[in-house]
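Here's a quick briefing to keep open beside the viewer. Have a look at the fold first, then work down the bullets.

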Amino acid sequence: CSSDLKVKRDVAIELSPNVLRLAISSRLEENDPRQIRTRVVHWRETAANVHSEAGIAELSSALKQLVDEEQLAGSSVRFTLSGDYCVTRVATGTTEHVRRELAQIEERSERYLALGSGPKALAAYRYLLDARHQHGVLSVTNRRLVDALMRFSEDSGVQLDLIEPALVAISRLVGHMRLDAENPVLLVGVRPGGVEVGISHAGNLLLDYRPGGRSAQADVADIVLKHLNRLRRYC
């Protein structure tokens with residue numbers, strides 16, 4: 001290959017409680033098929049969580065190592081947050097109902113203690129279903145984590161494209177593949193603290209549901225079956 005060719009890369013990194021999941025999509029020319037490569041890196045060593053000074057230091061160190069080893073400096077990077085680091089709520093209905101629901105979630109956001117102490121960062125979007133109805137999504141995370149990712153991006157030379165919940169990104173991917181074009185699709189994520197259940201339709205997240213209790217991977221099927229009738233009614 002000529003040294004003048006510049007590989008076009010899209011980079012995504014998912015932050016989970018113990019690991020970073022990296023995905024790189026690359027191609028030389030616009031019409032070339034994409035090459036996909038993934039990698040998992042353990043980032044948490046002794047820190048109790050990501051919200052402590054030790055946690056931020058360990059996360060930044062692992063991200064810096066990942067950028068150096070993968071030569072990501074100058075690349076545009078998208079960060080996704082697992083359900084352990086963000087809370088996402090969905091509201092659908094009349095314009096006034098959606099506005100009221102999202103406002104109430106925003107008011108309660110400081111009480112999401114599982115996201116760590118301190119100020120919270122919020123992101124919301126709404127779109128029209130028809131003249132009188134809307135679909136709205138609001139996500140909450142810890143402001144300290146957002147600041148740390150922004151600071152890391154500046155220090156390491158990567159371009160921070162966005163930070164979003166992993167379920168929102170997966171819903172968009174499912175929609176891009178048209179897997180949920182006709183009917184809603186059930187999304188199930190297994191994480192150290194339990195199970196994360198989502199519903200996607202036409203690329204949009206309709207539900208982010210966290211069944212209570214800590215559950216091993218072997219219990220995932222039982223958990224989904226237990227709530228299946230409720231999920232069907234929701235759809």
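**The three-stranded sheet**

β10 and β11 pair in the antiparallel sense, with five bridges between them. Keep in mind that this is a predicted model. The pair belongs to an open sheet of three strands, ordered β9-β10-β11, with antiparallel pairing. Here's the rest, by topic.

**More on that sheet**

- β9 (185–191) and β11 are the edge strands: each has a single partner, so one side of each has no neighbour in the sheet.
- On average, neighbouring strands here are turned by 25° against each other, ignoring direction.
- For a specific register point, take Gly 198, whose bridge partner in β11 is Asp 208.
- Which residue forms a salt bridge with Glu 196? It's Arg 210, with the closest N and O atoms 3.5 Å apart.
- That pair links distant parts of the chain, 14 residues apart: Glu 196 sits in strand β10 (residues 194–201), while Arg 210 is in the loop between β11 (204–209) and α5 (220–234).
- Glu 196 is buried, at 9% relative accessible area, whereas Arg 210 is partly exposed at 22%. The cut-off for buried is under 20%, so Arg 210 falls outside that class.

**Overall build**

- The protein chain has five helices and 11 strands.
- Its radius of gyration is 19 Å; a compact globule with 235 residues would come out near 18 Å, so the two agree.
- Along the principal axes, the C-alpha atoms fill a box of roughly 55 × 45 × 40 Å.
- Of the 235 residues, 41% count as buried.
- Take the contacts between residues at least 6 apart in sequence: 56% of them join residues at least 24 apart.

**Parallel pairings**

- β1 and β4 pair in the parallel sense over five bridges. Val 11 stands opposite Val 77 in β4.
- β4 also pairs with strand β8 (residues 159–165), again in the parallel sense, over six bridges. Ser 76 has Gln 159 in β8 as its bridge partner.

**Nonpolar cores**

- The largest nonpolar core holds 24 residues, and the ones touching the most other members are Ile 13, Leu 15, Leu 20, Trp 43, Leu 59, Leu 63 and Leu 145.
- Which elements give two or more residues to this core? They are β1 (8–15), β2 (19–27), α1 (53–70), β4 (76–81) and α3 (143–156).
- The largest share, five residues, comes from α1.
- Trp 43 is a handy residue to click on. Beyond its neighbours within four places in sequence, its contacts include Leu 15, Pro 17, Val 19 and Leu 20, along with Val 50, Leu 59, Ala 62 and Tyr 85.
- There's also a second, separate core of nine residues, with Val 87, Ala 91, Val 98 and Leu 102 among them.
- As background, nonpolar side chains tend to be buried together in soluble globular proteins.

**Other salt bridges**

- A search of the whole structure turns up 14 salt bridges.
- Arg 99 and Glu 96 meet in one of them, at 2.6 Å from N to O. Both lie in helix α2 (residues 95–108), three residues apart, which is about one turn of the helix.
- Both ends of that bridge are partly exposed: Arg 99 has 41% relative accessibility and Glu 96 has 40%.
- Arg 21 forms a salt bridge with Glu 14, where the closest N and O atoms are 3.9 Å apart. With 38% relative accessibility, Arg 21 counts as partly exposed. The salt-bridge cut-off is within 4 Å, so the 3.9 Å pair does qualify.
- Arg 37, Arg 39, Glu 69 and Glu 70 are tied together in a network of salt bridges.

**Positive phi outside glycine**

- Gln 71 has a phi near 55°, a positive value in a residue other than glycine. Gln 71 is in the loop between α1 and β4, and at 64% relative accessibility it counts as exposed.
- Arg 178 has a phi near 60°, also positive and also in a residue other than glycine. Where is Arg 178? Arg 178 lies in the loop between α4 (166–176) and β9.
- Buried or exposed, then, for Arg 178? Arg 178 is exposed, with a relative accessible area of 61%.

Terms used:
Residues numbered from 1 in each chain as written. Predicted model: local features only at pLDDT ≥ 70, side-chain atom pairs only at ≥ 80, totals over all residues. Heavy atoms only, no water. Core = buried A, V, L, I, M, F, W, Y, C linked by side-chain atoms within 4.5 Å. Buried < 20%, exposed > 50% of the residue type's maximum accessible area, 1.4 Å probe, protein only. Helix = DSSP H or I, 4+ residues; strand = E, 2+ residues; numbered from the N terminus. Contact = heavy atoms within 4.5 Å. Salt bridge = Lys/Arg side-chain N within 4 Å of Asp/Glu carboxyl O. Pairing = 2+ DSSP bridges. Axes fitted to C-alpha atoms, helices over the stretch in contact; angles between N-to-C directions. Rg over C-alpha atoms; globule rule 2.2 N^0.38 Å.
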